[in-house]
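Colleague: Before I plan anything around this structure, could you take me through it one question at a time?
Modeller: Gladly; please have the sequence and the coordinates open beside you.

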Amino acid sequence: MSYYLSTIVVYFGVDVLAAWALNIQFGWAGVPNFAFIIFQAIGAYAAAVVSLGPDSGANSFQRYIVGANLPFPLPLLVAGVAGGALALIVGVIATLRLRRDYQAAVFLLIALIASQVVSGDVGLFNGSNGLAAVPQPLAGALSSLSLGQYQWAYAGFTTVVTVAVLLVIRRIGRSGWQRALRASRDDEAAAGALGLNVAAMRMQVFVVGGVIAGLSGGLLVGFITAWSPGGWGYAETFAILTGVILGGVSNDWGVLLGTFLVQIVFIEVPSFLPEFGYPGLIDKLEWIVIGFMWLAVLILRPRGIIPERRYRAKLESGAEDARYKLPAGVGVGGS
Amino acid sequence: MSTVFDRGQEQPKGDAAAAERTLLDVLDVRVRYGGVEAVSGASLQILAPQIVGLIGPNGAGKSSLLAAIGGQAPVAGGTVVVDGHEVTKQPAYKRARLGIVRTFQTASVFERLTVFENLMVAGVGHPGASLTRAFFPSAALGAAAETARVEALRVLEELDITGMRDTYCSDLSGGQRRLVEIGRCLMCSPRLLLLDEPMVGVAPHLVRRIGETCLRIRDSGVAIVIVEHALEVIEEFCDRVVVMAFGEVLDDGSYEDVMKNGSVRDAYLA
């Protein structure tokens, strides 16, 4: 049970990171990133190939690029950089010149193409078999720990990273930049007509989301020690997005709650249920439930369980604006 | 009490004709959508401070000309010059930073933002609207945000919409949305305000309020172009009228002179 719980904590941390990353792209900026899972995947692959060492000797059963042997936490940092770099490339293709409805289609196509390329080109990340035997972070230094203790240590580390990312998101989420993003989400032309460089802001948030997604992939592959195309099909994006929409788009706590409900309650807990029907029926039912849940939320509570926060104006002269923390002594007199 | 309309502009107030200067020079501008030419070589000058009514039948090219000036439509030919700077190829956000601010034919409010937030988004210099400043907010940023907050409250008061400051814009009526749009433009400290049919769907008392607001904005030194079908609005609030038909400027002058022009009447009746 302890093993299972620690696994759940790691998965939940990784899922929440992914959901927050997608939320700042979709919830704040309105970018329908249906290719989101590929940014988590590139983070996982990047962390794997810079920690596996050369694809010879013990790793001769698999083929991959780079083959470095970087110490912890560098693979994790590389994962974040890889996610951000891929977001920059994909962002140029998909977000700069296309209307939102076309963007959604392009993202979906990019996810399908990425999966086919990685599966087909065995020299990249060992094709459809994927990478295995990825070293666990600090496994040598923590060799005195039992498996269960190491699991909990990793769960604790994942929680620390998750909280750190939350603090970063909360910080930038209190800025005029975030408000400008939400404005451009609601009406791009009007935002541009007010002097906001919508394309640049959208690219920025897309890259920030890509970095967080890559980081989540790096964390996950360090825990499960394997990664293959079968684990990052385009449908995974919809599971993450369902959590965002169910919990409340553009609300950090709502996204946390939605992710818990979708990823833990509806995807993880059913694995405890006794098998019934034909083999794999429970897995299929999970996706049916997720689909219906999405529909139900859109129809019954389109703003989610915890809707986007309403930012109220502060009337007092010199008072803190709802979005800014003013340094002591800073304030402008009212009329 | 100082108002949003007297923020230190150098132009004299009240006597609009006293210090008029050319703010916008549109020369032989063409706008094409696919194979359709919406504006076919239109030229006009806009002086500041002045309210110019842009009228013409449906499909005359009025909104397209506004979009060409504001940067929302690509200019296929001709030039747009603002205060000596050619902006023909510049994107809309750069033109807005030069002081060309506009409203749209359909009121374009940010629906999931409150009225107050709609104004704050447009705060002069967009306090905090950069990723770097979002990560590392400074004391100067805090002061700029506070200035924008005070300014937003003033604009709310001027437009008499303080009571709805915390209302989501999705919950506003058409007329209220128009006021928010205009308030947002005021937050940008515009030099040239382009209003595309601001009175459509607006209750009569709000029409008067918007019109009087335009007069006060003009008196603070701003040039305004209003696209409008209601001729009584044009007659009452505009200093000058430009008539468009078939993508071209048909006439340009005072309301009385323009209405005497037979081809203008023909264009409207066509």
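Colleague: From the N terminus on, how do the elements of chain A run?
Modeller: This is a predicted model, and in it chain A has twelve helices and zero strands. Read from the N terminus on, the elements of chain A therefore follow one another as helices under the DSSP assignment, giving the order α-α-α-α-α-α-α-α-α-α-α-α.

Colleague: What radius of gyration does chain A have, and what would a compact globule have?
Modeller: Taken along the principal axes, the C-alpha atoms of chain A fill a box of roughly 75 × 45 × 40 Å. For 335 residues, a compact globule would be expected to have a radius of gyration near 20 Å, and the value for chain A agrees with this, being 21 Å.

Colleague: Among contacts in chain A between residues at least 6 apart in sequence, what percentage join residues at least 24 apart?
Modeller: Of the 335 residues of chain A, 47% count as buried. As for the contacts between residues at least 6 apart in sequence, the share in chain A that joins residues at least 24 apart is 75%.

Colleague: Which helix gives the largest share of the largest nonpolar core?
Modeller: That core holds 185 residues, and those touching the most other members include Ile38(A), Ala48(A) and Leu194(A) as well as Ala68(B), Ile224(B) and Met244(B). The largest share of this core, 15 residues, is contributed by residues 198-224 of chain A, that is, by helix H9.

Colleague: Leaving aside neighbours within four places in sequence, which residues is Ile38(A) in contact with?
Modeller: Ile38(A) is among the residues that touch the most other members of the largest nonpolar core. Once its neighbours within four places in sequence are set aside, the residues in contact with Ile38(A) are Ile110(A), Ala111(A), Ala114(A) and Trp232(A).

Colleague: Why does Ala200(A) count as partly exposed?
Modeller: Ala200(A) lies in helix H9 of chain A, and its C-alpha atom is separated by 10.0 Å from that of Thr95(A), 105 residues away along the chain. A residue is exposed with 12 or fewer other C-beta atoms within 10 Å and buried with 20 or more, so Ala200(A) is partly exposed because its count is 13.

Colleague: Which element gives the largest share of the side of chain A that touches chain B?
Modeller: The contact takes 38 residues from chain A and 46 residues from chain B. On the side of chain A, the elements giving two or more residues are helix H6 (147-172), helix H7 (176-186) and helix H8 (188-193). The largest share of that side, eight residues, comes from H7(A).

Terms used:
Residues are numbered from 1 along each chain as its sequence is written. Chains are lettered from A and ligands numbered from 1 in the order in which they are written. This is a predicted model: local features need pLDDT of at least 70, side-chain atom pairs count only at pLDDT 80 or more; totals for chains, interfaces and linings use all residues. A nonpolar core is a set of buried Ala, Val, Leu, Ile, Met, Phe, Trp, Tyr and Cys residues joined through C-beta atoms within 7 Å. Helices (H or I, at least four residues) and strands (E, at least two) are DSSP runs, numbered from the N terminus. Two residues are in contact if their C-beta atoms, placed from the backbone, lie within 7 Å. The radius of gyration is taken over C-alpha atoms; the globule rule is 2.2 Å times the number of residues to the power 0.38.
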